[in-house]
Every structure is written in C-alpha cells, then in structure tokens.
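Good morning, colleagues, and thank you for the time. I would like to introduce a structure that is new to this group.

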Amino acid sequence: MAETTARLLDRLPSWFGVPEANAEYVESATRLPGLVARSDTEPIGVLLYRRHFAEAAEIHLMAVAPSWHRRGVGRELIRTITQDLSIDGCRLLQVKTLGATHPDPGYAGTRAFYQSMGFLPLEETGALWPGNPCLIMVKWLPRPS
Ligand SMILES: CC(C)(COP(=O)(O)OP(=O)(O)OC[C@H]1O[C@@H](n2cnc3c(N)ncnc32)[C@H](O)[C@@H]1OP(=O)(O)O)[C@@H](O)C(=O)NCCC(=O)NCCS
C-alpha cells in the first residue's frame, strides 16, 4: 500500500505538492487500514482511514490517478468503505480538506466530490493547518438494513 500511495501522490502534484506531507502519507500507508482500486492489476486509487472510535472514522487520504478522474473510482472507494464501516457498527465518517476560503480550483472539485458522496460541511477552521483553512466534512452512515 505504501508504494502505491507514493506513486499516486507523485501523479497529483497540484493536491500533494509538499514532500514532507507526502512522506507522512506514505508512512501512514504502512500502518493504517485502507483500500486500493485497481484496473486489471494496475493500482489507480487509494483510500486510507482511521478508526477513532467504534462509532467514528476518518478518511485520512484519498487519491485517484488523474487519467481516471470522473470515472467512478472515488465513488466506488467511498461506497466500499462506507458499507464496510457501517456493517462494523461505525456511524460517522469525517474527512478534512482544504476549505472554500482558499481559492485553489482543484480542491473545489475535491469538495464537490465529497458533497456529492453525501458529506456535509461541519466546520471550517484555521486552527488545524497553519496558513490554510481546513474544512471538516461529515457523513452519517446508516445501520445496514
Ligand atoms: C477527489 C477524487 C478522489 C475523486 O475521485 P474520482 O474518481 O475522480 O471521482 P468520481 O468519478 O467517483 O466522482 C463521483 C462524483 O463526484 C463529483 N465530482 C468528482 N470530481 C468532481 C469535480 N472535479 N468537480 C465537480 N464534481 C466532482 C461528481 O458528482 C461525480 O459524479 P459524475 O462524474 O457522475 O458527475 C479525485 O478527483 C482525486 O484523487 N483528486 C485529487 C486528490 C484529492 O483531492 N484527494 C482528496 C484530498 S482531501
């Protein structure tokens, strides 16, 4: 998972352009649970998550290879993780991303993605990432029927 994460981050410099932050993501891929999306055998997407409590989890990282954007890979990763977590008793899934008070157009697409996956904006704060607004989004995971 770490090698896949490193390769995908390298292909997304507009979102992941800080080498120290990328190194932390790659290190986190050695210990956090996650999913890899593949086309045949080629890894094309990754999702890492953290389980803070039995009821609450957080998406730590999502990255889909640029040539696969808008082809349903992210949707499938979210569908799978929400189903798995929901079956395991988890009820809330959060994600932190760059807030709308930052003008970056790439992250506007990222927020639109999470919104279309059912995440709601909970809070934008300047307290977590020095110099950058952090938007906390949250999604309710219903009990499986
Ligand atoms: C965000 C990301 C994971 C989404 O993955 P994806 O495979 O491209 O997304 P999907 O094709 O599954 O999109 C599902 C829906 O989300 C919405 N969406 C996705 N990207 C969007 C964009 N750029 N602008 C507007 N809406 C978007 C659409 O409603 C889309 O459905 P549609 O294509 O039928 O209209 C991917 O674009 C990515 O890796 N971005 C760079 C890294 C990043 O932002 N990571 C998250 C950091 S917090």
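I shall describe the sheet, then a helix that lies across it, and then the surroundings of the ligand.

Please keep in mind throughout that this is a predicted model.

Let us begin with the sheet. It is open and has 6 strands, in the order S1-S2-S3-S4-S6-S5, and the pairing is mixed. At its edges are strand S1, residues 34–39, and strand S5, residues 120–129, each of which pairs on one side only. On average, neighbouring strands of this sheet are turned by 25 degrees against each other, direction ignored.

At one of these edges, S1 runs antiparallel to strand S2, residues 42–53, and 6 bridges join the two. Within this region, arginine 38 has proline 43 in S2 as its bridge partner.

I turn now to helix H3. This helix lies across S1, S2, S3 and strand S4, the last of these spanning residues 92–98. Relative to S2, H3 runs at about 35 degrees.

Finally, the ligand. Which residues come nearest to the ligand? Of the 18 residues around it, they are Gly74, Arg75, Gly109, Thr110 and Ala112. Two or more residues of this shell are given by each of strand S3 (56–64), helix H3 (73–87) and helix H4 (105–116). H4 gives the most, with 5 residues. Sorted by class, the shell around the ligand holds 8 nonpolar, 7 polar and 3 charged residues.

To close, H3 takes part in both pictures: it lies across strands of the sheet, and it gives residues to the shell around the ligand. Thank you for your attention.

Notes. Residues numbered from 1 in each chain as written. Predicted model: local features only at pLDDT ≥ 70, side-chain atom pairs only at ≥ 80, totals over all residues. Near = placed C-beta within 6 Å. Helix = DSSP H or I, 4+ residues; strand = E, 2+ residues; numbered from the N terminus. Nonpolar A, V, L, I, M, F, W, Y, C, P; charged D, E, K, R; others polar. Pairing = 2+ DSSP bridges. Axes fitted to C-alpha atoms, helices over the stretch in contact; angles between N-to-C directions. Contact = placed C-beta atoms within 7 Å.
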